[in-house]
Amino acid sequence: MSRFLAEKYQGMEPYTPGEQPQDRKYIKLNTNESPYPPSPKVIEAINAEEVSKLRLYPDPEAKLLVQAMAKHYGLLPSQVMVGNGSDEILAFCYMAFGQKGICYPSISYGFYPVFSEIFGVKGQAIPLKEDFTICIDDYKNVGKSIVIANPNAPTGICLTLEQIEEILQANPNDVVMIDEAYVDFGAVSALPLLEKYDNLMIIQTFSKSRSLAGGRLGFAFASEELIEDLNKMKFSFNPYNINRLTMLAGVAAIEDQAYFEQCSARIQKTRAYTTQALQALGFTVLPSMANFIFAKPSAISGTEYFTRLRQAGVLVRHWNKPLIEDYVRITIGSEEEMEALVQITKEILQV
Ligand SMILES: *Cc1c(COP(=O)(O)O)cnc(C)c1O
């Protein structure tokens with residue numbers, strides 16, 4: 001740390017991303033990326049002609065993409081916002097709607113408390129129930145904004161649409177952000193609630209179900225007024241937040257519905273296989289609707305399982321934190337990768 005860093009940031013704990021090792025080849029099941037490449041239409045869309053246009057700034061309104069998203073999801077373009085990853089959209093939400101504070105589940109996406117710190121928002125972590133589910137009553141009349149990942153991370157557990165509606169009804173004067181980064185793997189989106197609730201903000205991403213984590217593209221759906229607020233943040237911070245190539249990739253990805261459905265179905269099938277195989281080896285596996293599972297071995301600790309997998313060339317995610325230290329989060333990779341994980345697990349457990 002230099003002697004120049006602002007005092008208010010000196011004690012800040014930054015977000016720790018999962019490792020992206022460049023040293024050796026791992027079976028990489030630690031950051032919830034897709035095992036499949038982006039749609040072939042994405043690869044076609046990024047051609048030499050478009051690369052040569054990089055000398056020009058991109059469209060600050062990302063109109064082509066916003067229109068394509070609106071059409072795909074049956075909304076008006078004025079109800080759609082795109083961001084440099086959904087992380088950027090979340091950041092704009094904290095800036096715009098954090099005045100009275102923001103609450104979130106105590107076990108959830110690691111960025112929520114970090115954003116509280118950097119934006120000087122009063123964050124409140126609400127404990128989960130013992131079974132890792134969210135207690136809806138804890139989110140009623142909270143008097144501040146709410147952000148909930150649905151399905152939640154790293155548990156994979158989701159809320160029903162009815163539960164989300166209860167939260168929206170109980171907080172009519174505060175913004176409720178539903179982070180649907182993992183919604184495309186079998187959960188239900190809050191999209192149908194949009195016309196009824198002007199306090200609902202839905203946030204999604206191209207990083208997981210559309211195989212574009214490296215493109216950095218997220219989006220939000222909300223009332224025209226809420227989207228206008230987010231755009232006010234964006235145009236005061238980074239008007240060219242979507243680069244030219246990412247915008248084209250996004251349009252191509254959203255238009256290739258068949259490829260998207262095929263990848264998502266394949267991941268759900270592999271999730272069922274992996275869950276069963278680990279349960280047969282004595283693991284506790286939480287019921288996941290995401291492209292990862294949260295699993296606890298019965299014979300060894302979470303730390304030991306994580307370390308032994310790493311030695312064997314498999315990367316998963318582990319947190320040395322109370323309540324979840326016995327678990328590891330395993331991204332659902334390809335069929336072959338998950339078969340390898342199961343085989344290596346058998347060797348570690350000597351069964
Ligand atoms: C991955 C993830 C995001 C961020 O995704 P990007 O669009 O890549 O920034 C947001 N929320 C949750 C819960 C995630 O797991």
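**Close-up 1. Lysine 28 and glutamate 33 form a salt bridge.** The closest N and O atoms of lysine 28 and glutamate 33 are 2.8 Å apart in this predicted model (a salt bridge is a side-chain nitrogen of Lys or Arg within 4 Å of a carboxyl oxygen of Asp or Glu). Lysine 28 is partly exposed because its relative accessible area is 24%, and glutamate 33 is partly exposed because its value is 26%. For these labels, buried means under 20% relative accessible area, exposed means over 50%, and partly exposed lies in between, with a 1.4 Å probe and protein chains only. The structure holds 10 salt bridges.

As this is a predicted model, local features need pLDDT of at least 70 and side-chain atom pairs count only at pLDDT 80 or more, while totals for chains, interfaces and linings use all residues. Residues are numbered from 1 along each chain as its sequence is written, and side-chain values use heavy atoms, with hydrogens and water left out.

**Close-up 2. A salt bridge links helix α11 to helix α9.** Glutamate 335 pairs with arginine 266, and their closest N and O atoms are 3.1 Å apart. This pair links distant parts of the chain, with glutamate 335 in helix α11 and arginine 266 in helix α9 (residues 257-280), 69 residues apart. Helices here are DSSP runs of H or I with at least four residues, strands are runs of E with at least two, and both are numbered from the N terminus. Glutamate 335 is partly exposed at 25% relative accessible area, and arginine 266 is partly exposed too, at 35%.

**Close-up 3. Arginine 308 and glutamate 304 form a salt bridge within helix α10.** Their closest N and O atoms are 3.3 Å apart. The two residues are separated by about one helical turn because they are 4 residues apart in α10 (residues 302-311). Arginine 308 has a relative accessible area of 31% and is partly exposed; glutamate 304, at 33%, is also partly exposed. Elsewhere, salt bridges that share partners join Asp137, Lys140 and Glu166 into one network.

**Close-up 4. Helix α7 has a buried side and an exposed face.** Take a look along α7 (residues 224-234), where Leu226, Ile227, Leu230, Met233 and Lys234 are buried. They lie on the same side of α7 because they cover an arc of only 110° around the axis; the arc is that of the directions from the helix axis to the C-beta atoms. What covers these buried residues? The cover includes β2 (80-83), α4, β7 (200-205) and β8 (218-222), where contact means heavy atoms within 4.5 Å. On the face turned away from the buried side sit the exposed residues Glu225, Glu228 and Lys232.

**Close-up 5. Aspartate 87 in helix α4 makes a polar contact with tyrosine 109.** Aspartate 87 belongs to α4 (residues 85-97) and counts as buried because its relative accessibility is 19%. The side chains of aspartate 87 and tyrosine 109 meet at 2.7 Å. A polar contact is a pair of N or O atoms within 3.5 Å; within protein, one must be able to donate a hydrogen and the other to accept it, and residues adjacent in sequence count only if both atoms are side-chain atoms. Leaving aside residues up to four places away in sequence, aspartate 87 touches Tyr109, Phe111, Phe115 and Arg216.

**Close-up 6. Two cis peptide bonds precede prolines in the loop between β5 and α6.** Asparagine 150 and proline 151 are joined by a cis peptide bond with omega of about -5°. Another cis peptide bond joins alanine 153 and proline 154, with omega of about 5°. Both proline 151 and proline 154 are in the loop between β5 (145-149) and α6 (161-170).

**Close-up 7. Phenylalanine 132 and glutamine 350 have positive phi values.** Phenylalanine 132, in the loop between β4 and β5, has phi near 70° although it is a residue other than glycine. At 9% relative accessibility, phenylalanine 132 counts as buried. Glutamine 350 is found in the segment after α11 (335-349), and its phi is about 55°. Is glutamine 350 buried or exposed? Glutamine 350 counts as exposed, because its relative accessibility is 72%.
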